[in-house]
Amino acid sequence: MSEAHGRADPAGRTPLRSTATDGLKIVVVGGFGVGKTTMVRSVSEIRPLNTEETMTQAGVGVDHNTAVTDKTTTTVAFDFGRISLNEEMILYLFGAPGQERFWFLWDRLFAGTLGAVVLVDTRRIEDSWYAIDRLEHHGTPFIVARNNFPGSEEHSLGELREALTLSRDVPLVDCDARVRESSKRVLITLVDHLYALSTARETVS
Ligand SMILES: Nc1nc2c(ncn2[C@@H]2O[C@H](COP(=O)(O)OP(=O)(O)O)[C@@H](O)[C@H]2O)c(=O)[nH]1
Ligand SMILES: [Mg+2]
């Protein structure tokens with residue numbers, strides 16, 4: 001729970017200073033069942049909020065072309081959690097469905113979002129394409145994390161990068177969303193990436 005407070009991150013770095021910002025809003029996206037809820041729960045130091053539960057199986061097998069009706073709003077789920085990476089930096093995590101039929105949520109969800117983690121299940125990488133496309137469209141910085149489902153290591157991260165046509169600038173990492181340290185490392189990778197981008201921007205201007 002509060003164990004994260006005051007602990008140096010595993011890499012021993014302090015990616016952002018308190019002068020940069022105290023609370024960063026981060027979104028975790030990906031297809032259904034990719035591990036978003038698991039990741040937010042494994043890292044969160046507050047009891048994570050999940051707006052769903054009823055949806056769990058209801059969403060499975062629903063045709064993506066099905067007309068969106070009012071019913072959709074009752075089946076939309078997102079997760080909320082919080083983690084203190086160090087004394088100054090707190091991440092507010094929003095786990096959000098990445099499927100096309102939920103994108104009407106995104107403009108609001110994106111307000112103030114500094115960066116995103118795209119979780120990928122290599123058995124269904126096509127679920128990630130849409131999320132990546134939208135993030136690029138919105139200009140939201142992101143990293144990609146391959147969640148360790150059985151068989152995920154059959155292909156290299158390089159092959160996954162190609163399959164996703166990911167630019168080399170986008171960090172791609174492995175994780176096990178069930179493991180706190182692993183999920184935390186993913187978030188640190190994202191924060192480092194955001195920091196590198198902002199430093200690069202400062203250098204240019
Ligand atoms: N083997 C394995 N299973 C995982 C991992 N992460 C999540 N799961 C399982 O995958 C299922 C779906 O995860 P969930 O977090 O609900 O997915 P969500 O729909 O993206 O929120 C759950 O039964 C998890 O326990 C992982 O890294 N490895
Ligand atoms: Mg979920």
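**A walk through the structure, starting at helix α5**

The buried residues of α5 pack against four elements: β1 (23–30), α4 (106–110), β5 (113–120) and β6 (142–147). Those buried residues are S128, A131, I132 and L135. Looking down the axis of α5, you would find them within an arc of 100°, so they line one face of the helix. The general rule behind such a pattern is that an α-helix has 3.6 residues a turn, so residues three or four places apart point the same way. Helix α5 itself covers residues 126–138, which makes 13 residues. From first C-alpha to last it reaches 19 Å, close to the 18 Å expected at 1.5 Å a residue. After α5 comes G139, with a positive phi near 70°.

Let us step back to the whole chain, keeping in mind that this is a predicted model. The chain holds 7 helices and 7 strands, and from the N terminus they run β-α-β-α-α-β-β-α-β-α-β-α-β-α. Of its 205 residues, 45% count as buried. Among contacts with a separation of 6 or more, 76% are between residues 24 or more positions apart. The accessible surface comes to about 10700 Å², and carbon and sulfur atoms account for 53% of it.

Now for the interior. In soluble globular proteins, nonpolar side chains tend to be buried together. Here the largest nonpolar core has 24 residues, and I26, L91, L93, V117 and L187 have the most contacts inside it. Two or more residues each come from β1, α1 (36–43), β4 (90–97), β5, β6 and α7 (180–204). Helix α7 gives the most, with 6 residues. For a close look, take I26: leaving aside neighbours within four places in sequence, I26 is in contact with L91, Y92, L93, F94, G115, L187, L190 and L194. Apart from this core lies another, of 22 residues, with F94, A96, L160 and L166 among them.

Strand β5 is worth a second visit, and V120 lies in it. Is V120 buried or exposed? It is buried, with a relative accessible area of 0%. Not counting residues up to four places away in sequence, V120 touches V34, I125, S128, V144, A145, R146, N147, L160 and L164. One of these, S128, is a buried residue of α5. V120 and D174 are 54 residues apart in sequence, yet their C-alpha atoms are 9.5 Å apart in space.

Next, the aromatic rings. The whole structure has 2 aromatic pairs. In one of them, the rings of F80 and Y92 have centres 6.4 Å apart and planes at 10°, so the pair is stacked. F80 lies in strand β3 (residues 79–84) and Y92 in strand β4, so this pair ties together parts 12 residues apart in sequence. Y92 is partly exposed, at 30% relative accessibility. F80 also pairs with F94 in a tilted arrangement, 5.0 Å centre to centre and 55° between the planes. Because F94 lies in β4 and F80 in β3, that pair ties together parts 14 residues apart in sequence. F94 counts as buried, at 15% relative accessibility. Ring pairs thus link F80, Y92 and F94 into a cluster.

One last stop is the loop between α6 (157–163) and β7 (172–175), where T165 sits. Its phi is near 45°, a positive value in a residue other than glycine. T165 counts as exposed, at 67% relative accessibility.

Technical notes. Residues numbered from 1 in each chain as written. Chains lettered and ligands numbered in written order. Predicted model: local features only at pLDDT ≥ 70, side-chain atom pairs only at ≥ 80, totals over all residues. Heavy atoms only, no water. Buried < 20%, exposed > 50% of the residue type's maximum accessible area, 1.4 Å probe, protein only. Contact = heavy atoms within 4.5 Å. Areas by Shrake-Rupley, 256 points an atom, 1.4 Å probe, with all protein chains shown as cover. Expected span 1.5 Å × (residues − 1). Arc of directions from axis to C-beta. Core = buried A, V, L, I, M, F, W, Y, C linked by side-chain atoms within 4.5 Å. Phe/Tyr/Trp six-rings, centres within 6.5 Å; stacked < 30°, edge-to-face > 60°.
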